[in-house]
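Student: Hi! I'd like to get to know this protein, so please show it to me.
Tutor: Happy to, here it is.

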Amino acid sequence: MESNSNDNYVLVLEDRTEVKNEKEAGKLSVVSGIDDKGNLKTTEATAANQAAFLKFNSKEGLLENFMKNFLRQFNEPTRFGLYKVVASNVEQGVDNLRTLLQSREKPDSKQQLAEIGVPFEDYLPRQKNTTAIDPEEVDWKQLDRLGLSRDQLEQSGELTNMLSWQKSNLMTIAIPMGDTTIYTDARLAFRTDGDGNIGLAIHPLRKEPQLDFPYMGYKFSPEEKEQLLTTGNLGKTIEVTPKNSEPFAAYVSIDPQTNELIALRADRVNIPKDIKGVTLSDQQYKDLVEGKAVKVEGMIAKSGKSFNATLQVNAERKGIEFIFGDKQGLKERQQHSQQQGVPHKLCGLELSEKQREALNNGRALYLKNMVDKEGNSFNAYVRMDKEQNRPRFYKWNPDKSQKNGKVEAVAEEHKTQVAVNNHGKTNEATKNVKEPLKTGQTQPTAAQKQKQDENKQKKSRGRKM
């Protein structure tokens, strides 16, 4: 019953639903796939049916995904047994299995069955930690040391993702180095250390993916390098060995924003049989699990419209990505990902996809009803500063006015308000006003003027005493 780790094997299903005698082996058949309704398909264990067998390999992630579907289908998996048998010798292997099952209580048989059995408990759904991070547990001083603040992350819309254990989009950070400061772009994420404390993980931008060096003990072949550089995904699973850890099968992809290599454990990816209203064929499902790109037609979007796309497991996205015709290459995806640097929310104003796309393309937009840090509304022209990866605010449309050098900070009616409330500037007329300035305000109100006069009188009487 022994097999080489490189051998293909099949799964033999023991169905004990009709068995009355505990010592009797159940009905044995070979798993051949899953039908269009998600039901398990089996066939008789004869060499003549080799072409119909669903074959597995120890280095692939196909078994993990099959087991997740299997356990979803059967309410009482204990009435069934699954055993690995070498595909090239099915008939003899099944005869040996039947003999072992008929004497399953004997120590020798029990040990051999355990070696070739597929334990259900290894594939039961794990409890995921979906709890959002408590902001009070975050060391915000770590961000301060990088030239960032909690307010900046909130206004850019990145904080919501980071508090959900996701990485931010690229942002500029400042790293102190002695008497100087180095500015670089990076993606940030909150992670826990060995003691459970929330810390900051920094994923810096790389000039290019590091493919010429071993990655977690695995050296890429020239063909694999070309595949990664062309599509961004390796297109198959490989065995990697992290430092001080056990090896595991993984999908590997390139982060299009940072050029960092990302590995994703194959046994932690749940690939459904039905995707967007389409039931994958056995071959499509097998290819997708193995990491290959699969073209799927006739899927249904939330809007009810039909669409086609290429599906592939992406390690950076931690699941299946939908690749559309004009974004199949890594370079195209990198260009598309640059749009993600534009915040979803700007000074409290939710941006539409068209607005984000326009800002990403370098255009200036006139945005109304933004809110400053003091909660007051203002309007301004906005354009993204690509070098600093941040929005800039202007009085006039910078696309038209920069030719004559008349670009100013924000729209005129909000210039004083934003300068004082957001940037701590001083306006002579309102410098003694304690309340935040309102939209368009450049002079104190009557009530504020009265308070100013009263304060001056108090100060004057104090000096006389």
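Student: Which residue takes a positive phi just after H8?
Tutor: Gly291, which follows right after H8, has a positive phi of about 100°. The labels come from DSSP runs: helices (H or I, at least four residues) and strands (E, at least two), numbered from the N terminus.

Student: Where do these numbers come from?
Tutor: This is a predicted model, where local features need pLDDT of at least 70 and side-chain atom pairs count only at pLDDT 80 or more, while totals for chains, interfaces and linings use all residues. Residues are numbered from 1 along each chain as its sequence is written, and side-chain values use heavy atoms, with hydrogens and water left out.

Student: OK, back to H8. Which residues of H8 are buried?
Tutor: Tyr285, Asp287, Leu288 and Val289. Buried means under 20% relative accessible area, exposed over 50%, and partly exposed in between (1.4 Å probe, protein chains only).

Student: And for the whole protein, how much is buried?
Tutor: Of the 465 residues, 43% are buried. The secondary structure comes to 13 helices and 21 strands.

Student: How many cavities of 30 Å³ or more are there?
Tutor: There are two. A cavity is a set of points on a 1 Å grid over the protein atoms alone where a 1.4 Å probe fits but cannot get out, and lining residues have an atom within 4 Å of a point. Points are joined across faces, edges and corners, and the volume is the space filled by probe spheres set on them.

Student: What lines the largest cavity?
Tutor: Its space is about 60 Å³, and the lining is Gly33, Ile34, Leu54, Leu62, Phe66, Lys273, Asp282 and Tyr285. Strand S2 (27-34), helix H1 (62-73) and helix H8 (282-289) each supply at least two of the lining residues.

Student: What about the second largest cavity?
Tutor: That one has a volume of about 30 Å³. Gly291 is one of its lining residues. The largest share of the lining, four residues, comes from S9, and strands S9 (233-240) and S10 (248-254) each give at least two.

Student: New topic: Thr43. Is it buried or exposed?
Tutor: Thr43 counts as buried because its relative accessibility is 18%. Thr43 sits in strand S3 (residues 40-43).

Student: What does Thr43 touch?
Tutor: Not counting residues up to four places away in sequence, Thr43 touches Ser29, Val30, Ser32, Asn49, Ala52 and Phe53. Contact means heavy atoms within 4.5 Å. The side chains of Thr43 and Asn49 also share a polar contact of 3.3 Å. A polar contact is a pair of N or O atoms within 3.5 Å; within protein, one must be able to donate a hydrogen and the other to accept it, and residues adjacent in sequence count only if both atoms are side-chain atoms.

Student: Last one, Met370. Where is it?
Tutor: Met370 is in strand S19 (residues 365-371). Met370 is buried, since its relative accessible area is 0%.

Student: Which residues surround Met370?
Tutor: Leaving aside neighbours within four places in sequence, its contacts include Leu346, Cys347, Leu349, Phe378, Val382 and Phe393. Met370 and Glu350 are 20 residues apart in sequence, and their C-alpha atoms are 9.2 Å apart in space.

Technical notes
1 Å grid on protein atoms, 1.4 Å probe; cavity = no way out; pocket = protein on both sides within 12 Å on 5 of 7 lines; lining within 4 Å.
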